[in-house]
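User: I'd like a close look at one strand of this model and at what surrounds it. Please start with its partners and then work outwards.

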Amino acid sequence: MSLRKTLKTVSLGLLAGIALTASALAADGKLIVIITPSHDNPFFKQEAVGAQAKAKELGYDAAIYSHDDDANKQNDLIDSAIAQKAAAIILDNAGADATVAAVQKAKDAGVPSFLIDREINANGIAVAQIVSNNYQGATLVAESFVEAMGEKGNFVELVGKESDTNAGVRSKGFHDVIDQYPDMKMVAQQSANWSQTEAFSKMESILQANPDIQGVISGNDTMAMGAMAALEAAGRKDVLVAGFDGSNDVRDAILAGKIHATGLQPAFRQAQYAVELADKYLKEGSTGQPEKISMDCVLITKENAAKLDNFALKD
Amino acid sequence: MTNTVATPAAEAPKGQSTLLLLLLKLRTFIALIAVVVFFSLMAPNFVSVANAVIVSKHVAINAFLAIGMTFVILTGGIDLSVGAIVGLVGMVAGALVLYGIPLEMFGVVIYPNVWEVIGIALLVGTFVGLVNGLLITRMQVAPFIATLGMLYVARGTALLMSGGSTFPNLIGKPEFGNQGFPALGAGTILGIPLSIWLLLVVAGVAAYVATKTPFGRQIYAVGGNERAATLSGVSVDRVKLAVYMISGFCAAIAGLVVASQLVASHPASGETFEMNAIAAAVLGGTSLSGGRGTIGGTIVGAFVIGVLSDGLVMMGVSEFWQMVIKGVVIVGAVILDQMQRRIARNARLG
């Protein structure tokens, strides 16, 4: 047999194999597809890990994908979930508006979607939208931040990616609290796109323009870590840093006294809850819950940081 | 009679075009002065030694990449993988500091010291460049495609190394004798951060290689006219292989500096850095078709981009406007570049 023929046979075999596996997975309607943003943020990784563990526990197969915050890629992933005849989709979506059509498409094909972490701008399309109360969490962090600053001083706000709803909601939560204190002055506000590297270099520049600052409040933990590194490089141990998410990196920084506080979003629990609801929906035809479910965030400071691990608080 | 009338008439535009040509040749430098003056007036505390140091530190990271990129572009190629190499090299260094090299068959773990970590990381970057070069010269893959593929492979490998998470606290442990990694990013000599000294060295060596060595002349020859270079005995493949290795090596330096500054390595570090590096080279007058450009121009180009982004942050301009302004400046630079070439051609013909 010539090389080309061998290759052809092998690739045909592979294709058949893939098709068989796909239909085998689909045959018993036991596949739960979990789609989140990129796992390079531990927050999303824990969502995927939590959902997968719960799905296995309840006797489902779980497939994990990442849309990298690209609505187009998310659309493709949902198409393939439909093609695999998934029983349910657990989705942390790539954009409140950009996701609506894709979730509708899944619904039309008979695949129910359970949204976590981020809402979409439409009701009645997803079976459930389980969202951390970002606003409530942000106000908790802001209250603790204001108190630690003695209700006065200059501060910097690092905002998340401005195309992401949560960046805006958190910023609003911060300001609804902080702006009540006339002696708290925001001297700079910049987006660092959720990125540690970007937060580092922007913080360095902001420190040059405004050396007289006492605090930095940041829309997520990775940016808080970047800001902390820049402040350390500049020898500024006097500046208070607050983050949001509740990552292990920030937990360690809080315990080391380098970061003041963060807001924990129960990512792990949230993802598990979504799978539990999916299971109930598949068995009983209803989740027995309203579509929109809000889960409260928890303030993490030196007091309770030691109990935090992988976005879950141990009792 | 017609001659005497014609001569002054012809000279006037020629004199003008010489001046214009000079201005256009210095355009990147003039642009740099313009942005510096602008931000000195507009941004608080922009003019200070401390800020100059911070800006230079930020520029250095892009400049390392842009220097390597310039060599590649001079041969008529492109290297899209440098940003991913930044991420990969950071992860390699992070893994070595945190976990060492486990030798399972002997049941021991070797913890390399900081110099060895840096050495291994630089080798990894250079090796990625070598693979790029081999794909391009031996497999005849177009540079754009070969390095685009490598972008994904290197980024994916970086993510695989930690399952996507960050390697934190790269400070090493005294019992392993591997402390000191953060010094690369935070250390200073005479009050100037190490990364800036490093840039001076790398830029100096690169400029020397490009202008004063036979290898440098071969790079320009390959980019200017590959066939002519081959016919005159230049080993085109070897030159190409070398420039991609240089680019990988330079990207590795940037990767080490980024990881060291953050005292942590994140697999997504360096995303879109390749675009900034290409922009710096082009702003500095490097022609994407090869054969034309200088290391000095690239450094000035990197400074224009760096001053622009830091200055806009200090002014408090929104992220969205920053992107728009950067885009306009890059395209504007290329338009001026085309004008200069047209005028230079006309002046020669005239």
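Analyst: Happy to. Two strands pair if DSSP finds at least two bridges between them, and the strands (E, at least two residues) and helices (H or I, at least four) are DSSP runs numbered from the N terminus. The model is predicted, with local features needing pLDDT of at least 70 and side-chain atom pairs 80 or more, while totals for chains, interfaces and linings use all residues. Residues count from 1 along each chain's sequence, and chains are lettered from A and ligands numbered from 1, in written order.

The strand to look at is β5(A), which runs over residues 128–132 of chain A. On one side of β5(A), four bridges join this strand to β11(A), residues 292–295, and the two run parallel. One of the matched positions is A:Ile130, whose bridge partner in β11(A) is A:Ile293. β5(A) also pairs with β4(A), residues 113–116, again in the parallel sense, over three bridges. There A:Phe114 stands opposite A:Ala128.

Next, how covered is it? Five of the five residues of β5(A) are buried (20 or more other C-beta atoms, placed from the backbone, within 10 Å of its own). The cover reaches both faces: A:Ala128, A:Ile130 and A:Ser132 lie on one side, A:Gln129 and A:Val131 on the other, and all are buried.

A:Phe114, the residue opposite A:Ala128, leads us into the largest nonpolar core (buried Ala, Val, Leu, Ile, Met, Phe, Trp, Tyr and Cys joined through C-beta atoms within 7 Å). That core holds 192 residues, and A:Phe114 is among those that touch the most other members, together with A:Ile32, A:Ile89, A:Ile90 and A:Ala274. The element that gives the most to this core belongs to chain B: helix α11(B), residues 236–262, with 17 residues. In chain A, the core draws at least three residues from each of the two domains. A:Ile89 is in contact (C-beta atoms within 7 Å) with A:Phe114 and its neighbour A:Ser113, and also with A:Val33, A:Ile35, A:Ile78, A:Ala81, A:Ala106 and A:Val111, leaving aside residues up to four places away in sequence.

Stepping back to the whole of chain A, the domain assignment gives domain 1 as 3–132 + 266–295 and domain 2 as 134–264. Their C-alpha centres lie 33 Å apart, and the contact between them takes eight residues from domain 1 and nine from domain 2.

Chain A also has an open sheet of four strands, ordered β7-β6-β8-β9, with parallel pairing. β7(A), residues 184–191, and β9(A), residues 240–242, stand at the edges with a single partner strand each, so one side of each has no neighbour in the sheet. β6(A), residues 153–159, pairs with β8(A), residues 215–218, over four bridges, and A:Glu157 has A:Ile217 as its bridge partner in β8(A). Two helices pack on this sheet: α7(A), residues 196–209, touches β6(A) and β7(A), whereas α8(A), residues 221–233, touches β6(A), β8(A) and β9(A).

Finally, there is the neighbouring chain. 27 residues of chain B are in contact with 22 of chain A. On the chain B side, the elements that give two or more residues are α3 (49–74), α11 and α13 (295–315), and α3(B) gives the most, with four residues. α11(B) thus appears twice in this tour: in the list of elements touching chain A, and as the element that gives the most to the core.

Notes. Buried ≥ 20, exposed ≤ 12 C-beta atoms within 10 Å, placed from the backbone. Domains from an automatic or database assignment. Axes fitted to C-alpha atoms, helices over the stretch in contact; angles between N-to-C directions.
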